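Hello,

Here is the structure I promised to pass on to you. Have a look at it first, and then read on for a tour of what turned up.

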Amino acid sequence: MKNIARTVGFQKGERNVFFHILTACNLSCRHCYINKAQHGTATLAEETIHKWIALFADPDKKTNLIFLGGEPTLHPDLPSAIRKAKELGFFVTVDSNGYLFNDLLEKTTPEFLDYLSFSLDGPDADTNDPIRGAGVFEVCTANIARAVEKGFRVSVIYTVSRKNLDALVRMVPLLESLKVEKFFIQVLGLRGNSVLTESEETTRVSRDQWLETVPEVARLAAGKGIHVTYPKVFLDRGEQFECAGNVAENFFIFPNGRVYQCPLCEDHPVNAYRIENDRLIKNEGLMEESFFRLNIAEGCVMNKLLQADNIEYDDQGQPRYRISCCLLKQEIF
Ligand code: SF4
Ligand code: SF4
């Protein structure tokens, strides 16, 4: 059967809530985007997590709630947070580095947890471990196998950098053998460590490298029955640019109460909302939405401000292509 590839537009009424319930982690990935100076070091109390989840519940809209950290399974109350989110009608995902602390697989079930997502940045220890840490590949793949065995639906996230682009194609047989249902290929965001350190692991691939490799690997994986999603990054000629901040509902919540609408803004105190005394409050002044409204030839304003080196210009000084919203996805299945 021929694979179907499509750009997934921002869907009316769809909401995504990315909830960082703590920032602590057992790993020190080279490209980690967590910025404790901006996001705090708190571990939210169980009761607080429940109250904050309820702030985003909307029975009229399909809302995805993704628990993240740091490493969210370090939080002993994650299973109760998952149950609460499910009770409130969310589609629930946990993004883990693979360690699955606190016996997560024994303390929750696929009835409450819709997807368990694992981060892997290589198809073998030689590629993955220099980026994510010694021994991580073995632990992560063993836990993927255990999760599948227990009936959880499993996805894998692979963050592409110059270091691991060539190895991406070898993920296909690995994912197939592990019975992974969904594969998210992610572009390295220039946030956190990726801004602070210079190395192949923290360097984005060029437009040509991305386009030569990623769509083809996505097609191969889809041919094996895996549902693949990857960011659009570079808009084709004639494709419409839209900023998710204007047309979609995304909330990135941090334990210090900051709530962003755009992940590229997360290193800066421009969060559109904050949670104070368990209430969601809109921030006034020059906040992230002020950028969403700017209309520039290069597409995404935050990309132009923070990572302009991925834009190319012609002799007239016009951009050769526009950069899409980092939240715009291509899907192939
Ligand atoms: S697992 Fe996630 S939070 Fe932990 S160091 Fe790696 S990127 Fe950062
Ligand atoms: S990544 Fe760019 S286009 Fe997307 S929400 Fe942020 S500012 Fe808007």
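**A first stop: phenylalanine 251**

Not counting neighbours within four places in sequence, phenylalanine 251 is in contact with Val17, Phe18, Phe56, Val259 and Gln261. Please keep in mind throughout that this is a predicted model. You will find phenylalanine 251 in strand S9, which covers residues 249-253. Is phenylalanine 251 buried or exposed? It counts as partly exposed, because it has 19 C-beta neighbours inside 10 Å, and being buried takes 20 or more. Leucine 65 sits 186 residues away from phenylalanine 251 along the chain, yet their C-alpha atoms are separated by 9.6 Å.

**The two ligands**

Let's start with ligand 1. Its surroundings are made up of Cys25, Leu27, Ser28, Cys29, Cys32, Ile34, Gly69, Gly70, Glu71 and Asn97. Sorted by class, that shell holds five nonpolar, four polar and one charged residues. Two of the residues around ligand 1, Gly69 and Gly70, deserve a second look: the peptide bond that joins glycine 69 and glycine 70 is cis, with omega at about 20°. Most peptide bonds are trans. Glycine 70 belongs to the loop between strand S3 (63-68) and helix H3 (78-87).

Now for ligand 2, which 14 residues surround. Cys243, Cys262, Cys300, Met302 and Cys325 are the closest of them. How does this shell divide by class? There are 12 nonpolar residues, two polar and no charged. Helix H10 (244-247), helix H11 (288-292) and helix H12 (301-306) each contribute at least two residues to the shell. The largest share comes from H12, with three residues.

**The core**

Next, try colouring the largest nonpolar core, which has 79 residues. Which of its members touch the most others? They are Ala218, Ala221 and Val228. Helix H9 (residues 207-223) gives this core its largest share, six residues. Leaving out residues up to four places away in sequence, alanine 218 touches Ile185, Val228, Tyr230 and Ile332.

**Helix H7 and what follows**

In helix H7, which spans residues 171-178, Met171, Val172 and Leu175 are buried. Looking down the axis of H7, you would see its buried residues fall within an arc of 100°, so they line one face of the helix. Strand S6 (154-160), strand S7 (182-187) and H9 are among the elements that cover these buried residues.

Just after H7 comes lysine 179, in the loop between H7 and S7. Lysine 179 has a positive phi of about 60° although it is not a glycine. Lysine 179 is partly exposed, because 15 other C-beta atoms lie within 10 Å.

Leucine 100 also has a positive phi, near 45°. Its place is in the loop between S4 and helix H4 (104-107). With 22 other C-beta atoms within 10 Å, leucine 100 is buried. These phi values are worth a glance because most residues other than glycine have a negative phi.

**Strands side by side**

Strand S5 (residues 115-119) is a good place to see pairing. Why can we call S5 largely enclosed by the rest of the structure? Because four of its five residues are buried. S5 pairs in the parallel sense with strand S4 (residues 91-96) over four bridges, and valine 94 has leucine 116 in S5 as its bridge partner. S5 is also joined to S6 by four bridges, and these two strands run parallel. Here serine 119 has isoleucine 157 in S6 as its bridge partner.

For an antiparallel example, turn to strand S11 (residues 273-276) and strand S12 (residues 279-282), which are joined by four bridges. Isoleucine 275 stands opposite leucine 280 in S12. How many residues lie between S11 and S12 in their hairpin? There are two, and asparagine 277 in the turn has a positive phi of about 50°.

**One last residue**

Finally, find glutamate 138 in helix H6 (residues 136-149). Glutamate 138 is partly exposed, because it has 13 other C-beta atoms within 10 Å. Asparagine 128 is 10 residues from glutamate 138 in sequence, and the two are 9.8 Å apart in space, C-alpha to C-alpha.

Enjoy exploring, and best wishes!

Notes:
Residues are numbered from 1 along each chain as its sequence is written. Chains are lettered from A and ligands numbered from 1 in the order in which they are written. This is a predicted model: local features need pLDDT of at least 70, side-chain atom pairs count only at pLDDT 80 or more; totals for chains, interfaces and linings use all residues. A residue is near a molecule or strand if its C-beta atom, placed from the backbone, lies within 6 Å of it. Ala, Val, Leu, Ile, Met, Phe, Trp, Tyr, Cys and Pro count as nonpolar, Asp, Glu, Lys and Arg as charged, and the others, Gly among them, as polar. A nonpolar core is a set of buried Ala, Val, Leu, Ile, Met, Phe, Trp, Tyr and Cys residues joined through C-beta atoms within 7 Å. A residue is buried if 20 or more other C-beta atoms lie within 10 Å of its own, exposed if 12 or fewer, and partly exposed in between; C-beta atoms are placed from the backbone. Two residues are in contact if their C-beta atoms, placed from the backbone, lie within 7 Å. Two strands pair if DSSP finds at least two bridges between them. The arc is that of the directions from the helix axis to the C-beta atoms.
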